[in-house]
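Trainee: Please pick one part of this protein and walk me through it up close. I'd like to follow how it fits in with its surroundings.

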Amino acid sequence: GQTLASYINSGKLVPEDIMLETWLPKLSKELAKLKTAPNHSEEEIPPGVILDGFPRSLTQCDALDSLLPRGQAFMAININLRRDILISKLLGRCNCKLCGTAYNTADIVEGEYDMPAILPTSPCKKSNLGESCGNHLEKRADDTEQVIKSRLDAYERSVHDILDYYRKQNRLIDVELKRGVKDIDILWSIMKRQGNFN
């Protein structure tokens, strides 16, 4: 954990060998649990996993695909957001240091974009004094503008090959979310349409 944190806190991507050695076996165990999940109705989202920010290389794409039985495949959802808005939203991320609830102070209402701030509306679950989480908000150490831009630059350099990998196999969905969490239904409907979504 400390090794991973040292990379994350400095805004660097975790090296590929560390990701493959430490994280992939954990994912494999989670996928094994899904095999015993109960059947779902057509209205429900099938049991699966959502990986945020992984894979980050073609080697990781191949390693990820090797975890699934033949005939099953991961779908890739490429969520697009204008870079300046993305930076603002990342700069607005914060958590309550008492209960860990995530919030976002960036209030973006501009043209088609409608992403208001996500702020505390009820008392903190862990506060003995009934205080709001708003009294205990803290930002991640790596959420500075310089680190965010560096991280985005690294992502943009590496993402094209990964998108092509999934696009050529007809496993890529491009979606632009302009209303933040209010667009979560769009993602759920995409997952429902994918009969074998993992």
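**A close look at helix H3**

Mentor: Residues 24 or more positions apart make up 64% of the contacts in the protein chain that have a separation of 6 or more. Keep in mind that this is a predicted model. For orientation, the protein chain has six helices and seven strands, and along the sequence they come in the pattern α-α-α-β-α-β-β-β-β-β-α-β-α. Of its 198 residues, 31% are buried.

Let's zoom in on H3, which covers residues 58–65. Which of its residues are buried? They are Gln60, Cys61, Ala63 and Leu64. These four sit on the same side of H3, because the arc they cover around the axis is only 165°. There's a general rule behind that kind of spacing: an α-helix has 3.6 residues a turn, so residues three or four places apart point the same way.

Now, what does that side pack against? The buried residues of H3 pack against two other helices, H2 (16–34) and H5 (145–168).

Follow Leu64 and you can see where this leads. Setting aside its neighbours within four places in sequence, Leu64 is in contact with Leu27, Leu51, Phe54, Pro55, Phe74 and Tyr166. Leu64 also turns up in the largest nonpolar core, a group of 20 residues. Leu64 is one of those with the most contacts inside that core, along with Leu27, Leu31, Phe74 and Tyr166. Helices H2, H3 and H5 each supply at least two residues of the core. As a rule, nonpolar side chains in soluble globular proteins tend to be buried together. Another core, of six residues, lies apart from the 20-residue one; Met75, Ile173, Val175 and Ile190 are among its members.

For contrast, have a look at the strands too. One open sheet has three strands in the order E3-E2-E6, with antiparallel pairing. Strand E3 (102–104) and strand E6 (137–138) are at the edges, each with a single partner strand, so one side of each has no neighbour in the sheet. Between E2 (residues 93–96) and E6, the antiparallel pairing runs over two bridges, and Asn95 stands opposite Glu138 in E6.

Finally, the outside: the protein chain exposes about 12,600 Å², and carbon and sulfur atoms supply 51% of that area. If you want one place to start in the viewer, try Leu64, a buried residue of H3 that is in contact with both Leu27 and Tyr166.

Technical notes: Residues are numbered from 1 along each chain as its sequence is written. This is a predicted model: local features need pLDDT of at least 70, side-chain atom pairs count only at pLDDT 80 or more; totals for chains, interfaces and linings use all residues. Side-chain values use heavy atoms; hydrogens and water are left out. Buried means under 20% relative accessible area, exposed over 50%, partly exposed in between (1.4 Å probe, protein chains only). The arc is that of the directions from the helix axis to the C-beta atoms. Contact means heavy atoms within 4.5 Å. A nonpolar core is a set of buried Ala, Val, Leu, Ile, Met, Phe, Trp, Tyr and Cys residues joined through side-chain atoms within 4.5 Å. Accessible areas come from the Shrake-Rupley method with a 1.4 Å probe; for residues, only the protein chains shown count as cover. Two strands pair if DSSP finds at least two bridges between them.
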